[in-house]
Amino acid sequence: MSSQMEKHEDQNSTDFSSSRKEEDLINFEDTPPWYRNLVLETEELTADALADLFNDKICVLCVKNYIPDFVSEKLDAFLREKGSDPYTHEIRKNGKVDLQYFGVNRYGYPLNSIYTDETGENLEKYLKEALPTMRSIRKAAAPYLSPIDKFRVELDEAWPKKANVATFKGQKTLCGIGRIMPTSLSKLSEVHPHFDAVPVSCFPDIHKQFTANFYLNVPDQGGELEIWNVPPLDISTIEEFKIPEDWRSQLPASIKVKPEKGDLLLFNTRRPHAITSFSGLNPRTSLQTFIGYTKESEIFLWV
């Protein structure tokens, strides 16, 4: 694999097109060897595929056609109507957390809203809104199963260890937030690679952090997930890690994966990643939840 990766890193950022025939999605007959080692495509969620992801043997796990079109369309319309609040992203600065806006709007109130609030009001709001938000997304998908509920059931069935929604301050956390990226703001998410890492104080047992992204609508051009095949940031040093001024120029060649409507993508959020700018009439609409992974291989979900 090392020789394959050396060959890959000498290339420019590689754009994976998902326009291949359905039978090729599993066989990868028309993809280069390095891609087969880093991006795993499958038609269902399995323990083996999840183990490859959690053990960092791959960068991205893509489950094709995870969401039926009619469910994607219902939820896309719902989120575009309801989701207009800025979804800020946490940035570490001098050992502290700062929140910045990268052009993503949200439906749902995320846990990172409490990181810079010392009054306790945001925590109260987070815990109060978590279950109603989850139930409203479930209702919007009815009479069909929402992607988040489907994922929770299949994850619990596939993974041999515990896999459930996290508990925080004695209450269930939010699992599944709406993300709406308008075309006009898409450049903001491309410029600076970033990472996601919940403070250890929130979940002391966390060892690794991943994300699951369910794509309801995708732009005509651009909007790829861009991720770098470098070791994920270590939990012991991540609290003090400061993103370099021009991190992109210091990283090797990136991998680009363009999701299609209905796809599910999972990856390690402690690897640097970004979203490329896009054009066209369609926004980039998705549902998302974080996945915590413990040293005992147990899984918990929150956002």
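Asp56 is partly exposed in this predicted model, because its relative accessibility is 24% and the buried class ends under 20%. Its side chain meets that of Arg271 in a salt bridge, with 4.0 Å from N to O. Arg271, in contrast, is buried, at 4% relative accessibility. Asp56 sits in the loop between helix H4 (47-54) and E3, and Arg271 in the loop between E14 and strand E15 (273-275), so the salt bridge ties together parts that are 215 residues apart in sequence. Lys208 belongs to this arrangement as well: salt bridges that share partners join Asp56, Lys208 and Arg271 into one network.

**Salt bridges**

The count of salt bridges comes to 11. The table lists three of them, with the distance from N to O.

| Basic residue | Acidic residue | N to O distance |
|---|---|---|
| Arg271 | Asp56 | 4.0 Å |
| Arg80 | Asp76 | 3.2 Å |
| Arg138 | Asp149 | 2.6 Å |

Arg80 and Asp76 both lie in helix H5 (residues 69-82), and because they are 4 residues apart there, about one helical turn separates them. Arg80 is partly exposed at 43% relative accessibility, whereas Asp76 is buried at 8%.

The salt bridge of Arg138 and Asp149 links distant parts of the chain, with Arg138 in helix H6 and Asp149 in helix H7 (residues 147-158), 11 residues apart. Arg138 is partly exposed, its relative accessibility being 34%. Asp149 has a relative accessible area of 12% and is therefore buried.

**Strand E14 and its partners**

Strand E14 covers residues 264-268, and 5 of its 5 residues are buried. In a regular strand, side chains alternate between the two faces of the sheet. Which residues of E14 lie on each side? Leu264, Leu266 and Asn268 are on one side, and Leu265 and Phe267 are on the other. Both faces of E14 are covered.

E14 pairs with strand E3 (residues 60-63), the two running antiparallel and joined by 4 bridges. Within this pairing, Leu61 has Leu266 as its bridge partner. E14 also pairs in the antiparallel sense with strand E10 (residues 206-217), over 5 bridges. Here Leu266 stands opposite Ala212. Leu266 thus has a partner in the pairing with E3 and another in the pairing with E10.

**Gln209 in strand E10**

Gln209 is found in strand E10. Is Gln209 buried or exposed? Gln209 counts as buried because its relative accessibility is 1%. Its side chain reaches the backbone nitrogen of Val198 at 2.8 Å. Beyond its neighbours within four places in sequence, Gln209 is in contact with several residues, among them Phe267 and Asn268, as well as Phe290 and Trp302.

**Nonpolar cores**

The largest nonpolar core has 63 residues, and the members that touch the most others are Leu111, Phe151 and Phe203. Helix H6 (residues 121-141) gives the most to this core, with 7 residues. Leaving out residues up to four places away in sequence, Leu111 touches Tyr126, Phe168, Val198, Cys202, Phe203, Trp302 and Val303. A second, separate core has 13 residues, including Val39, Cys59, Val60 and Phe267.

**Aromatic pairs**

There are 17 aromatic pairs. The ring centres of Phe54 and Phe210 are 5.0 Å apart and the planes lie at 65 degrees, so this pair is edge-to-face. Phe54 lies in helix H4 and Phe210 in strand E10, so the pair ties together parts that are 156 residues apart in sequence. Phe54 is buried, with a relative accessible area of 0%, and Phe210 is buried at 0% relative accessibility.

The rings of Phe203 and Trp302 have their centres 5.0 Å apart, with planes at 55 degrees, so this pair is tilted. Phe203 is in the loop between helix H8 (188-191) and E10, Trp302 is in strand E18 (residues 299-302), and the two are 99 residues apart. Both Phe203 and Trp302 are buried. Which residues do ring pairs link into a cluster? The cluster consists of Phe168, Phe203, Phe290, Phe300 and Trp302.

Terms used: Residues are numbered from 1 along each chain as its sequence is written. This is a predicted model: local features need pLDDT of at least 70, side-chain atom pairs count only at pLDDT 80 or more; totals for chains, interfaces and linings use all residues. Side-chain values use heavy atoms; hydrogens and water are left out. Buried means under 20% relative accessible area, exposed over 50%, partly exposed in between (1.4 Å probe, protein chains only). Two strands pair if DSSP finds at least two bridges between them. A polar contact is a pair of N or O atoms within 3.5 Å; within protein, one must be able to donate a hydrogen and the other to accept it, and residues adjacent in sequence count only if both atoms are side-chain atoms. Contact means heavy atoms within 4.5 Å. A nonpolar core is a set of buried Ala, Val, Leu, Ile, Met, Phe, Trp, Tyr and Cys residues joined through side-chain atoms within 4.5 Å. Rings of Phe, Tyr and Trp (its six-membered ring) pair if their centres lie within 6.5 Å; planes under 30 degrees apart count as stacked, over 60 as edge-to-face and the rest as tilted.
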